[in-house]
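Below is a short note on the model, set out as numbered points. Please read it with the coordinates open.

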Amino acid sequence: MTALDRSPAVTVLERWEDLESLGPEWDELLRDADGAGIFLTHAWVAAWAATVGAETRPMVAVAREAAGGRLVGIAPLMVTRGRRGGVAYDTLRMAGSGLAAADHLDLIVRHGHPHVVAELWRAVSQRRTWEVVDLQGLRPASHLSRLLLRRRGDRAAFASPMPCPVLDLPDTWEEYVAGLGRNLRTNLGRYGRKLDREAPAPVVERLVTDPAEAADTAVELALLNERNRRERGSSGSFADPRMVDLHREAAVRMLEAGRLRLHRLDVGDRMIAGISCFRHDDTVSFYVTGFTPDYGRYGPGRRVIAAAIRGAIEEGAGRFDFLRGAEEYKSTWGAVPIDDDRIRFPIGARARLAAQVIGAARRLLRR
């Protein structure tokens, strides 16, 4: 590698609109990057930037080889404004983190160019206006984890685990089903047949491939998911209209990129359950599911998860990723947790003051 190669030209984009022109280069880099996941694809980041991320300030560093200008690294970061304990402060975060709960994030660095990691971080740090670094959903052994924990040592930086269960897929659906627990295996057959027999119209499982239908289905699915959560006494991210917009925008962009796996379970012309998944490389990732409560006794949510896993196996994927959360149902499908990281540390007196106020409040609550 030449000296020029080891000194990339780095620029920092501070308008989300500037991401659009990077599309083909971005995804070419992603194909040759170490450990890149679905939430680092251009389709996802652009959809997020146009919706949930529109009110944030981008801090996206882009590294190119000095000779030839080939893209060798991207730092997809953002700055948000927050308030804790009466203290307002800015936070540096990964683009797509927070409300959208994107997982397996990191810098995007071309294979064989590890020196670019420090160059990207240096370019971003030179524009520092934030008092807190809070990097959620970093993939295991990420570039950022290695860089920041090594540099800061034990000086106020700490990482906490974020479990993300994953399922390694066998070669065939039959082999997978044979390995399931008896209750799940029995219920898949029993309730599936019961729905087929008792439904007032034909029951159809299908994959959405039309852009207009993908947009409409994504919105309907997001609203179903939120309704299911409310009926269980909680509120999910889709209570925020921006998240509904994100799901619609991501469905269209992911479909155009060949990454969307949006399954519907219909009775006649009505969707009674659905599941939205995205594919990158060898992995299909499960993002959201929902079902109509009046068909809940037939287990439609279970049926669409099975359809998504079967579809992933049949298209030759090697892994089905249930993403964030260690809910018990994920283990019944055979998923085993791996841990993403969350790295947080304050920078400056104001951030340290906020951290002290929060810590004191928590200690009082524990008394």
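Which element gives the largest share of the lining of the largest cavity? That share comes from helix 6, with four residues. The model is predicted, and the points below should be read with that in mind.

1. Cavity. The structure holds one cavity of 30 Å³ or more. The space in the largest cavity comes to about 40 Å³. Its lining consists of Asn187, Leu188, Tyr191, Gly192, Tyr298, Gly299, Arg302 and Arg303. Two elements, helix 6 (182-198) and helix 9 (300-314), give two or more residues to this lining. Sorted by class, the lining has three nonpolar, three polar and two charged residues.

2. The helix 6 and helix 9 contact. Arg303, one of the residues lining the largest cavity, also forms a salt bridge with Asp196, at 3.3 Å from N to O. Because Arg303 lies in helix 9 and Asp196 in helix 6, the pair ties together parts that are 107 residues apart in sequence. Arg303 has 17% relative accessibility and counts as buried, while Asp196 is partly exposed at 43%.

3. Salt-bridge network. The count comes to 30 salt bridges. Asp196, Glu205, Arg303 and Arg310 are joined into one network by salt bridges that share partners. Arg310 has a further contact to check: this residue lies over the face of Trp173, at 5.4 Å from the ring centre.

4. Pocket. The largest pocket holds about 890 Å³ of space. Its lining has 29 residues, and those nearest the pocket centre are Asn225, Arg229, Phe286, Thr289 and Tyr329. Helix 7 (211-231), strand 11, helix 9 and helix 10 are the elements that give two or more residues to the lining. Strand 11 gives the most, with six residues. The classes break down as 15 nonpolar, seven polar and seven charged residues. Helix 9 is thus listed for the lining of the pocket and for that of the cavity.

5. Aromatic pairs. The whole structure has 12 aromatic pairs. In one of them, Phe39 and Trp44 have ring centres 4.8 Å apart and planes at 80°, so the pair is edge-to-face. Both partners are buried: Phe39 has a relative accessible area of 1%, and the value for Trp44 is 1%. Phe39 and Trp44 also belong to one aromatic cluster with Phe278 and Tyr287.

6. A second edge-to-face pair. Phe320 and Phe322 are 5.1 Å apart, centre to centre, with 75° between the planes. Phe320 is buried at a relative accessible area of 0%, and Phe322 is buried at 3%.

7. Positive phi angles. Where do the residues with positive phi sit, and are they buried or exposed? Leu323 has phi near 60°, a positive value in a residue other than glycine. Leu323 lies in the loop between strand 12 (319-321) and helix 10 (328-332), and is buried, with a relative accessible area of 4%. Asp281 has phi near 55°, again positive and not in a glycine. This residue is found in the loop between strand 10 (270-280) and strand 11 (283-291). At 63% relative accessibility, Asp281 counts as exposed, since the cut-off for that class is over 50%.

8. A salt bridge across the sequence. The side chains of Glu28 and Arg110 meet at 2.7 Å, N to O. Glu28 lies in helix 1 (residues 23-31) and Arg110 in the loop between strand 5 (108-109) and helix 3 (116-125), so the pair ties together parts that are 82 residues apart in sequence. Glu28 is partly exposed, at a relative accessible area of 32%, whereas Arg110 counts as buried at 1%.

9. A salt bridge at helix 10. Glu327 and Lys330 form a salt bridge through their side chains, at 3.0 Å from N to O. Glu327 is partly exposed, with a relative accessible area of 38%. Lys330, by contrast, is buried at 2%.

How values were computed
Residues numbered from 1 in each chain as written. Predicted model: local features only at pLDDT ≥ 70, side-chain atom pairs only at ≥ 80, totals over all residues. Heavy atoms only, no water. Buried < 20%, exposed > 50% of the residue type's maximum accessible area, 1.4 Å probe, protein only. 1 Å grid on protein atoms, 1.4 Å probe; cavity = no way out; pocket = protein on both sides within 12 Å on 5 of 7 lines; lining within 4 Å. Points joined across faces, edges and corners; volume = space filled by probe spheres on them. Nonpolar A, V, L, I, M, F, W, Y, C, P; charged D, E, K, R; others polar. Phe/Tyr/Trp six-rings, centres within 6.5 Å; stacked < 30°, edge-to-face > 60°. Lys NZ or Arg CZ within 6 Å of the ring centre and 35° of its normal. Salt bridge = Lys/Arg side-chain N within 4 Å of Asp/Glu carboxyl O.
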